[in-house]
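Reader: I should be grateful for a close look at one part of this model, followed outward into the parts around it. Please set out the pairing of the strands before turning to burial and contacts.

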Amino acid sequence: MYIVFVLLITCCHTASFGQNFNRKEFEATIRKGIEKAYGASVRIWGIDTVTKRQNSAQFSGVVVDTMGHILTAAHAIVPGKRYKVIFPSGKEFLAEGMGKMGFEPKTGRPDAAMIKIIEKGSWPVAEMGWSSSLKVNEPCISIAYPTTLNQPLPTIRVGRISNPLTPWGFVESSCKMEPGDSGGPLFDYMGRVIALHSRIDKSELINFEIPVDTYRKYWTALSVADTYEAYPSREDGIKNDPLSGNIISFEELENLTTTFSRPGAQFEGKDLRVKSMLKGEEQQIFSTVILPEGKVFKDLAKEGSILLSKSSMVGEQIMVAQGTEWVKATVIARDKESDLVLLRIAKRLKNGIKLTSADTSGSAFSDLGRFLISPLNGQDNRVSVLGSGYFKQPIKFSSGYFGASANFKNEQIILTRINPDSPAEIAKLQLGDQITGINGIPINKPEQYGAELMKYAPGDTITIQGIREGNSYNLNVALTKMPVRFTVHPADQFDGGKSFRLDGFEQVFAHDAILKPEECGGPVFDLDGKFYGINIARFSRTSCLVISPKTIYDFALKSLQN
């Protein structure tokens, strides 16, 4: 199997790769590597064996043998502690923390650790590679579980090796990671484990990995449940990589935009910039032109052209860029749940997306690892890989701010903390108030309190039903945006930051494009020009979210009916 992969990429590299790079064959190689490695990439958290409840942060790992040994990061585990291990298949097993080495003060290196499944069973196994044979610009694949997405299946990211061995003993790659990815596997293009995720820098393209040779060298020591304060005296012998002489690297991977730019002309004119006034300030965002194909869009575009964009980034006095000019646009419809806005301009446009009901039944999961292009009119196109299947991303980070905490006391929801200057304080709620309902929905269980509040967005006004000193009341509370909390973690300090509205979507998939919030709203295509949806949010350091064609079509159909 290895020879097939090597020959495939060698074929792409013959003559002049810069001029003759076969994007489709390269994509096929990456997808085969993902298929081989995916099943053994696991989601992990600590578990209380009595209550069966999670008692640690989520992290990632990879199973590397039939005995159940799992490679992960030292900063994520405690020797002897019990862990739940969840495979992409949904199978769950109990594991125990084994050895860990993370003793260097500044970097935590070598940050290598192992846990082991203690239950009987069978599971997928990933093959271990060799970090000693890595090359600069060798393709690599990440399959891990970011905490913020909180999905049962991992997300895919593809990048390159930028430094096979840094002065601090790490492998450096451009495969983006964030909290939750710690301990997750980095694979080579053949689907072999070459490193494990450890830490990041501010730039999305600087990510540090634990070399897999560290695990090979100290396998015996890591197989014992112990915390090492220095490198163990016993070292295991390491054989050389039998494929070291055939490992392929490409300078062209230093700039995927340039490498994948040739099909870019077919996307011209399908995304247009939109500007508007939003809360007194000019705001720009991209939009997607929809051509009048099918009854729904023909009826909507009778008097010009229609465009779709991100509603929360489009305000009033809307203008759309047409070459060097700006033309007026009007709103046909908005949808709060999908965060889509449908616009119309008087001018007939020739380029755009042909979307019909036939385009809405695909499954993103079957296309994992497919290369995607997000065209940005007047800027370089952004290249990414499709990292997940469709999933629901419930509202959490984008919900409105209320600012009052409650405890369950004597079977009542009682306010126990009201944050200074919060909407709850401004509305005159008080400590000790019993909350009985929100917008007429009865609240009598702890989980109902938070779940009901999270349904509402900044700017919404809700009515709180409560009891104070035996007297019932109704108070209106105007929710605001969640206050910004300063964090020194690089995962929250990437250039451009996250979208204001970044979750609460019914059907989206994740990809690893580097987009700023104001660069969302435009279309996403594969290398053949197939439309995959609209960039609806920059969600996190590792992920942008794309809203599905089905959601777009359903929104347009509902707009026509209304």
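Author: In this predicted model, a suitable starting point is the antiparallel pairing of strand β9, residues 171–173, with strand β12, residues 207–211, which extends over 3 bridges. Within this pair, Glu-172 of β9 faces Phe-208 in β12. Both strands belong to a closed barrel of 6 strands, whose order is β7-β8-β9-β12-β11-β10 and whose pairing is antiparallel. From one strand to the next, the twist averages 45°.

A helix is packed against part of this barrel. Helix α3, residues 23–37, lies across β7 (139–144), β8 (155–163) and β10 (185–188), and its direction makes an angle of about 40° with β7. The length of α3 agrees with expectation, because 15 residues at 1.5 Å a residue should span 21 Å and the end C-alpha atoms are 21 Å apart. The buried residues of α3 are Phe-26, Glu-27, Thr-29, Ile-30, Gly-33, Ile-34 and Ala-37. These buried residues cover an arc of only 160° around the axis, and therefore lie on the same side of α3.

The nonpolar interior may be considered next. The largest nonpolar core contains 84 residues, and Val-62, Leu-71, Phe-371 and Leu-545 have the most contacts inside it. Strand β31, residues 531–538, supplies the largest share of this core, namely 5 residues. A second core, separate from that one, has 19 residues, including Ala-424, Ile-438, Ile-443 and Val-477. Leu-71 illustrates the surroundings of a residue in the largest core: with residues up to four places away in sequence left out, Leu-71 touches Gly-61, Val-62, Val-64, Ala-113, Met-114, Met-128, Gly-183, Leu-196, Val-212, Tyr-215 and Trp-219.

Strand β31 also merits separate attention. Of its 8 residues, 8 are buried, so β31 is largely enclosed by the rest of the structure. Strand β30, residues 523–526, pairs with β31 in the antiparallel sense over 3 bridges, and Pro-523 has Ile-534 of β31 as its bridge partner. The two strands form a hairpin with 4 residues between them, and in the turn Gly-529 has a positive phi of about 90°. Strand β32, residues 544–547, likewise pairs with β31 in the antiparallel sense, here over 4 bridges. In that pairing Ala-537 has Leu-545 of β32 as its bridge partner; Leu-545 is also among the residues with the most contacts inside the largest core. A hairpin with 5 residues between its strands is formed by β31 and β32.

Helix α10 covers residues 549–561. Its 13 residues reach 18 Å from the first C-alpha to the last, close to the 18 Å expected at 1.5 Å a residue. The residues of α10 that are buried include Pro-549, Thr-551, Ile-552, Tyr-553, Phe-555, Ala-556 and Ser-559.

Glu-316 provides an example of an exposed residue. This residue is found in strand β17, residues 316–322. Its relative accessible area is 58%, and Glu-316 is therefore exposed, the cut-off being over 50%. With residues up to four places away in sequence left out, Glu-316 touches Ser-276 and Met-277. Between the C-alpha atoms of Glu-316 and Ala-329, which are 13 residues apart along the chain, the separation is 9.7 Å.

Definitions and conventions:
Residues are numbered from 1 along each chain as its sequence is written. This is a predicted model: local features need pLDDT of at least 70, side-chain atom pairs count only at pLDDT 80 or more; totals for chains, interfaces and linings use all residues. Side-chain values use heavy atoms; hydrogens and water are left out. A nonpolar core is a set of buried Ala, Val, Leu, Ile, Met, Phe, Trp, Tyr and Cys residues joined through side-chain atoms within 4.5 Å. Buried means under 20% relative accessible area, exposed over 50%, partly exposed in between (1.4 Å probe, protein chains only). Contact means heavy atoms within 4.5 Å. Two strands pair if DSSP finds at least two bridges between them. Axes are lines fitted to C-alpha atoms, for helices over the stretch in contact, and angles run from 0 to 180 degrees between N-to-C directions. The expected span of a helix is 1.5 Å times one less than its number of residues. The arc is that of the directions from the helix axis to the C-beta atoms.
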